[in-house]
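Visitor: I should like a close look at a single part of this structure, followed outward to whatever surrounds it. Please take the model as shown below.

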Amino acid sequence: MADTPILETRGVTVRFGGHVAVKDVNIEVRRGTVTGLIGPNGAGKTTLFNTITGLQRPTSGTVLLDGVDVTGSAPHNRARMGLARTFQRLELFVSLSVRDNLRVAGDIHNANSRNRIDVDAEADRLLELTGLTDIADKDVSDIPTGRARVVEVARALMTSPRILLLDEPASGQTEQETEEFASLLTALAGDGLAICLVEHDIPLVMKICSTIYVLDYGAVLASGVPDVIKNDPAVINAYIGTEEDVA
Ligand SMILES: Nc1ncnc2c1ncn2[C@@H]1O[C@H](COP(=O)(O)OP(=O)(O)OP(=O)(O)O)[C@@H](O)[C@H]1O
């Protein structure tokens, strides 16, 4: 159905012993949009991402991709269904060039998927699209963190995902890099990609997200469009401060 969210969590709870890291969380992510997931440190954002990708099994609740319950599916099966992610701590091959990081992802994709791609052509296309062509032959260890963040996104795009989860992708970026990054994410969503963004850069989130979920102590404190979120007293109190902070 056209109206089915491409990604949905229903009543997801994750406990680590006696600690509830994620509490009864319902989120929906739709095609062609950027959805924000924000909240204080330790609110459960990364744990929710891990549950969506299959690295973490929920204590209860379900994860649906295209309306299909994938709660028991392995991460590689979810990847095959079009789910890709980046990590808060960069997980690139630092001794390889930027281009080779993309090629490796393309080779792995081809080994595991029926939708094979022309790895070199796709790498070149994505390097151009993400503005990395000028540093394509540099080793990742020789490029600034802000650009390495973009390499992670480009590498994730090598799997031709339909849903992209980004965990603090703007961390370490300069203001100029974040501005270009915002345009890139908006363009990718414009092409139909569903993006779910965990990010502490609130002005970025407010600028590019159509829907925002605020997590606090593992639970959804508020959800809605940016204007609603930035004026919600509970959100201001728990996380983002006054409106001047997010302008
Ligand atoms: N494997 C684990 N075992 C035990 N506790 C964990 C584990 N992973 C996360 N936690 C705890 O669960 C809570 C949620 O952590 P999580 O990393 O998901 O938060 P976050 O919102 O992503 O935080 P940040 O913004 O700092 O990245 C925290 O209290 C954390 O200490």
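Which residues point one way from strand 7, which point the other way, and are they buried or exposed?

Guide: The model is a predicted one, and the description below should be read accordingly. From strand 7, Ile163, Leu165 and Asp167 point one way, while Leu164 and Leu166 point the other way. All of these residues are buried; put as a count, five of the five residues of strand 7 are buried, and the strand is mostly covered. As a general matter, the side chains of a regular strand alternate between the two faces of the sheet.

Strand 7 has partners in strand 6 and strand 8. Strand 6, residues 83–85, pairs with strand 7 in the parallel sense over three bridges. Within that pairing, alanine 84 has leucine 164 of strand 7 as its bridge partner. Strand 8, residues 194–198, also runs parallel to strand 7, and five bridges join the two. Here aspartate 167 finds its bridge partner in valine 198 of strand 8. In general, the strands of a sheet pair through backbone hydrogen bonds, in either a parallel or an antiparallel sense.

The wider setting is a chain divided into domain 1 (1–82 + 161–247) and domain 2 (92–160). The centres of domain 1 and domain 2, taken over C-alpha atoms, are separated by 24 Å. Across the boundary, 15 residues of domain 1 are in contact with 13 residues of domain 2. Strand 7 (163–167) takes part in this: together with helix 2 (75–80) and helix 6 (175–190), each supplying at least two residues, strand 7 contributes to the side of domain 1 that touches domain 2. Helix 6 gives the most to that side, with four residues. By class, the residues on that side of domain 1 comprise eight nonpolar, four polar and three charged.

The nonpolar interior comes next. The largest nonpolar core has 67 residues, of which Ala154, Ile195, Leu197 and Val214 touch the most other members. Helix 5, residues 145–157, gives the most to this core, with six residues. The core draws at least three residues from each of domain 1 and domain 2. In soluble globular proteins generally, nonpolar side chains tend to be buried together.

Val214 leads to a further enclosed strand. Strand 9 (residues 211–216) is largely enclosed by the rest of the structure, because six of its six residues are buried. Thr211, Tyr213 and Leu215 point one way from strand 9, whereas Ile212, Val214 and Asp216 point the other way. Not counting residues up to four places away in sequence, valine 214 touches Ile38, Gly39, Val220, Leu221, Ala222, Ser223, Ile229, Val235 and Tyr239.

The partners of strand 9 run in opposite senses relative to the strand. Strand 3, residues 34–38, runs parallel to strand 9 and is joined to strand 9 by four bridges; glycine 36 stands opposite isoleucine 212 in that pairing. Strand 10, residues 219–224, runs antiparallel to strand 9, with five bridges between the two, and tyrosine 213 has serine 223 of strand 10 as its bridge partner. Strand 9 and strand 10 form a hairpin with two residues between them. In the turn, tyrosine 217 has a positive phi of about 50°.

Gly39, one of the residues touched by valine 214, is also among those around the ligand. The ligand is surrounded by Phe16, His19, Ala21, Gly39, Asn41, Gly42, Ala43, Gly44, Lys45, Thr46, Thr47 and Gln88. This shell has three nonpolar, eight polar and one charged residues. Strand 2 (19–29) and helix 1 (45–53) each supply at least two residues of the shell, and helix 1 gives the largest share, three residues.

Strand 2 belongs in turn to an open sheet of four strands, in the order 2-1-4-5, with antiparallel pairing. Strand 2 and strand 5 (68–69) stand at the edges with a single partner strand each, so one side of each is left without a neighbour in the sheet. Strand 2 pairs with strand 1 (residues 7–16) in the antiparallel sense over seven bridges; in that pairing, valine 14 stands opposite valine 22.

How values were computed:
Residues numbered from 1 in each chain as written. Predicted model: local features only at pLDDT ≥ 70, side-chain atom pairs only at ≥ 80, totals over all residues. Near = placed C-beta within 6 Å. Nonpolar A, V, L, I, M, F, W, Y, C, P; charged D, E, K, R; others polar. Core = buried A, V, L, I, M, F, W, Y, C linked by C-beta atoms within 7 Å. Buried ≥ 20, exposed ≤ 12 C-beta atoms within 10 Å, placed from the backbone. Domains from an automatic or database assignment. Contact = placed C-beta atoms within 7 Å. Pairing = 2+ DSSP bridges.
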